[in-house]
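Open the model in your viewer and keep the selection tool ready. We will go from one stop to the next.

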Amino acid sequence: MEQYKEVSNFFRNYKKDNIIQIRWHGRGGQGAVTSAKILAVAGFLSGYKGVTSAPFFGAERRGAPVIATTKLSKDVICDFSQIDSPDIVVILDNTLLKSINITQGLKPNGWVILNTPPQFEYDFLHNHFNFIRVNATQIAEEAGLVYAGIPLVNTPMLGTFLHVLPNIDFSHIHRALEQFFSPKAVSKNFDVISRVYKECIVEKSETHFQELQQS
Amino acid sequence: MTVLNNEKTISIYNNSSNPKAYPPGKHVLTGNQSAAIGAFLCGVQVIAAYPITPQSPVVEELSKFVEDGELSAEFVPVESEHSAMGVCIGASIAGARVFTATSANGLAYMCEQLHWASGSRLPIVMGCVNRAMAAPWSVLNDQQDSMSQRDAGWIQLFCRDNQEIIDTVIQAYRIAEKVYLPVMVCYDGYILSHTVMPLEVPDENKVKKFLPPYIPHTPIDINNPVNINPVTLGEPRYNANGVLCHGYMEHKYLHHKALRDSLNIIEEVDSEYKDTFGRSAGGLFSLYKTDDAEVVIVCAGSLSKMNILVVDMLREQNIPIGLVSLRSYRPFPNQKLSAALKNKKLILTIDKSLSYGYQGPICIDVKSCLFEAGISSIVISFIAGLGGRDIKPYEIAETAYDYWNKFLNNELNSENIYESQWINCKY
Amino acid sequence: MNTRDCGHIISGSSPAKGEAGKTGEWRTQRPVLNREKCLAVKANKDICYQCWAFCPECAIERKPGGPVDLTYCKGCGICAQICPADAIQMENEYDSSEQRKND
């Protein structure tokens with residue numbers, strides 16, 4: 001029995017760290033699925049051999065909490081199953097924190113990337129995880145990245161990844177955007193992404209891991 | 001009925017290059033995009049489809065190509081899947097290369113027309129984006145829809161990833177137009193259809209070379225009018241010219257023979273494709289680490305790609321396991337498959353569908369092909385992933401590990417052998 | 001007896017006399033033409049020909065007052081129904097043969 005448990009753990013963790021798993025939380029209509037795809041393309045352009053990106057399978061409804069995922073790997077990805085232990089979670093809308101446990105399954109040394117107004121209470125997050133916060137809504141609004149009266153926050157959040165994934169640089173993001181948008185939209189999106197990159201606040205937590213082990 | 005001369009064939013390939021957004025080379029695309037681009041590259045002339053989740057993006061992409069003037073095809077919006085296949089049948093008889101796609105209940109609604117298409121021996125290619133059959137209502141993936149149409153007389157090819165979807169669509173036209181049978185290109189809904197992954201988009205000029213123009217077997221000729229598929233009696237009959245014509249049964253024999261003959265064609269076309277484009281789409285089935293294997297997993301679709309990982313992890317635990325990824329489910333490669341499964345002690349089939357009241361469809365066929373070859377391995381039917389239930393590689397690995405040990409210790413009981421085993425069913 | 005040499009890949013038929021065999025044997029009524037009413041006969045031109053177009057057995061010839069090939073006419077009466085000039089009457093086979101004797 002003891003041996004079986006060992007084998008089972010071996011299966012569960014097999015090549016698990018070969019894949020960088022990213023989970024996007026947003027609301028239906030915010031474009032989490034699109035930005036998850038753009039990240040996959042940028043990742044591919046930066047040299048990741050295996051990339052996948054998928055919506056959380058099912059019907060899409062505007063306003064409902066939705067999940068999208070991106071996987072990046074040095075090897076071809078064979079595992080098409082859904083993400084259960086992400087390395088990075090991205091939250092497009094801070095109001096989601098009330099209704100969803102966004103850190104579920106997040107690896108202890110994982111990253112939380114949050115779009116939030118500055119006054120929002122987020123202490124519980126950066127105490128335990130690496131943490132990036134940015135007011136992408138405001139930046140998008142100022143830059144005029146607005147569609148149907150609503151600031152677009154999905155692509156701007158890509159700017160934060162340049163702090164987390166060293167392989168990906170601005171040129172990859174730019175080329176990825178070109179595959180999804182018109183030249184005019186690309187430059188507008190790209191400007192906002194650059195601003196988000198500069199203005200986001202990165203808080204690397206060095207102690208979180210030990211704390212988590214003790215608790 | 002005469003064979004059409006070459007000069008009479010409708011000139012195809014009105015499009016002169018790849019779609020603007022998808023030049024030859026590597027792209028990161030969803031399975032649905034992959035299928036649509038495949039149809040584009042084959043120069044389809046008529047597209048008729050009715051939207052259904054998770055197939056809709058295929059048709060959206062194709063209608064965009066048509067709307068943008070990139071693909072000079074007739075896009076026919078229809079009011080149902082039954083009509084969609086009806087339009088495809090008419091267009092294909094008229095000599096056009098046609099494409100459609102559907103899923104689950106749409107496919108079931110098309111059922112009658114599926115038999116018309118195959119009985120009329122029309123080389124229609126259809127994307128079947130595998131989805132669970134209602135009831136209860138589900139939009140998520142399993143393979144019950146296409147498996148339920150097993151006996152519709154279509155060729156059914158299963159794809160493992162998005163690269164294979166585009167390759168299989170291109171191959172499908174080549175196969176279909178050679179043996180005059182419709183082909184269903186089956187790929188898992190959401191898992192492939194909505195997931196982006198890197199794939200190579202082929203060059204249109206190479207596709208042109210690979211795929212000769214479609215010559216219909218019975219051309220529509222105003223000077224030589226024919227009534228296609230009239231009431232055909234059981235017994236043969238003499239026609240007006242005194243020629244003894246097939247009865248219903250002879251036509252069915254020919255239909256079946258064409259399907260059996262297509263076993264060779266599918267392999268030939270795949271190897272020719274490999275010569276032209278540098279990669280295979282899996283032939284009739286593909287083998288992974290089976291040479292020295294004693295236990296083998298048999299499955300189809302995206303699950304067989306995931307099981308490569310499973311085999312790797314089990315091999316590291318010193319389990320002598322291999323994998324057979326079934327690509328051609330109909331025609332069923334019984335002879336070649338049983339040869340590949342010879343000397344294997346334990347065979348684990350994993351179905352994402354069920355022949356209610358018995359076992360998984362793949363399992364049933366594997367068992368029968370082993371029996372006819374005189375192989376008496378133990379075959380165990382596993383059912384997994386119904387209605388979008390997520391399948392984790394470790395679940396399959398644990399199951400295989402467990403059953404291999406049971407086999408070694410002679411612990412397999414009749415319950416294991418006579419009943420299907422359900423993976424991760426929480427009942 | 002086999003059908004191997006017919007060369008057909010799908011089931012089909014052509015609009016030709018005799019596609020369904022010698023259907024004249026099925027007949028209980030036969031069409032009789034009133035030449036005074038027939039439009040094509042009266043005009044002596046290639047007109048109308050509704051009876052020719054609608055005959056399911058192709059038993060009517062395409063010429064004014066075109067004779068009916070009784071080997072294949074199955075007596076369905078479509079020609080009589082379709083004739084715009086009401087020039088074709090269906091008569092019982094028995095009556096017709098009696099009449100012929102009297103002539």
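Select chains B and C. This is a predicted model, and here 24 residues of chain B are in contact with 16 residues of chain C. Now colour three elements of chain B: β9 (227-228), β11 (244-245) and α9 (248-277). Each of them supplies at least two residues of the side that touches chain C. Which of them gives the most to that side? Pick α9(B): it gives the most, with three residues. Next, colour this side of chain B by residue class. You should find 12 nonpolar, nine polar and three charged residues.

Stay at this interface and show the strands. Select β9(B) together with β1 (residues 12-13) of chain C. In which sense do β9(B) and β1 of chain C pair? They run antiparallel, and the pairing spans two bridges. Click B:N227. Opposite B:N227 stands C:S13, in β1(C).

Now hide chain C and bring in chain A. Between these chains, 26 residues of chain B are in contact with 24 residues of chain A. On chain B, highlight β8 (197-201), α10 (302-316) and α13 (393-408). Each supplies at least two residues of the side that touches chain A. Look hardest at α10(B). The largest share of this side, six residues, comes from α10(B). Colour by class again: this side of chain B has 17 nonpolar, five polar and four charged residues.

While chain A is on screen, colour it by pLDDT. The average for chain A is 88, and 90% of its residues score at least 70. Then select residues 208-215 of chain A. Over this stretch the pLDDT is below 50. Beyond near neighbours in sequence, the stretch has eight contacts in the model.

Last stop: chain B alone. Give one colour to domain 1 (10-210) and another to domain 2 (285-422), following the domain assignment. How many Å separate the centres of the two domains? Taken over C-alpha atoms, the figure is 29 Å. The contact takes 21 residues from domain 1 and 20 residues from domain 2.

Zoom in on the domain 1 side of this contact. Select α6 (144-148), β6 (155-158) and β7 (183-188) of chain B, the elements that give two or more residues to it. Of these, β6(B) gives the most, with four residues. Finish with the class colours: the side of domain 1 that touches domain 2 has 10 nonpolar, six polar and five charged residues.

Terms used
Residues numbered from 1 in each chain as written. Chains lettered and ligands numbered in written order. Predicted model: local features only at pLDDT ≥ 70, side-chain atom pairs only at ≥ 80, totals over all residues. Contact = placed C-beta atoms within 7 Å. Nonpolar A, V, L, I, M, F, W, Y, C, P; charged D, E, K, R; others polar. Pairing = 2+ DSSP bridges. Domains from an automatic or database assignment. pLDDT = per-residue confidence, 0-100.
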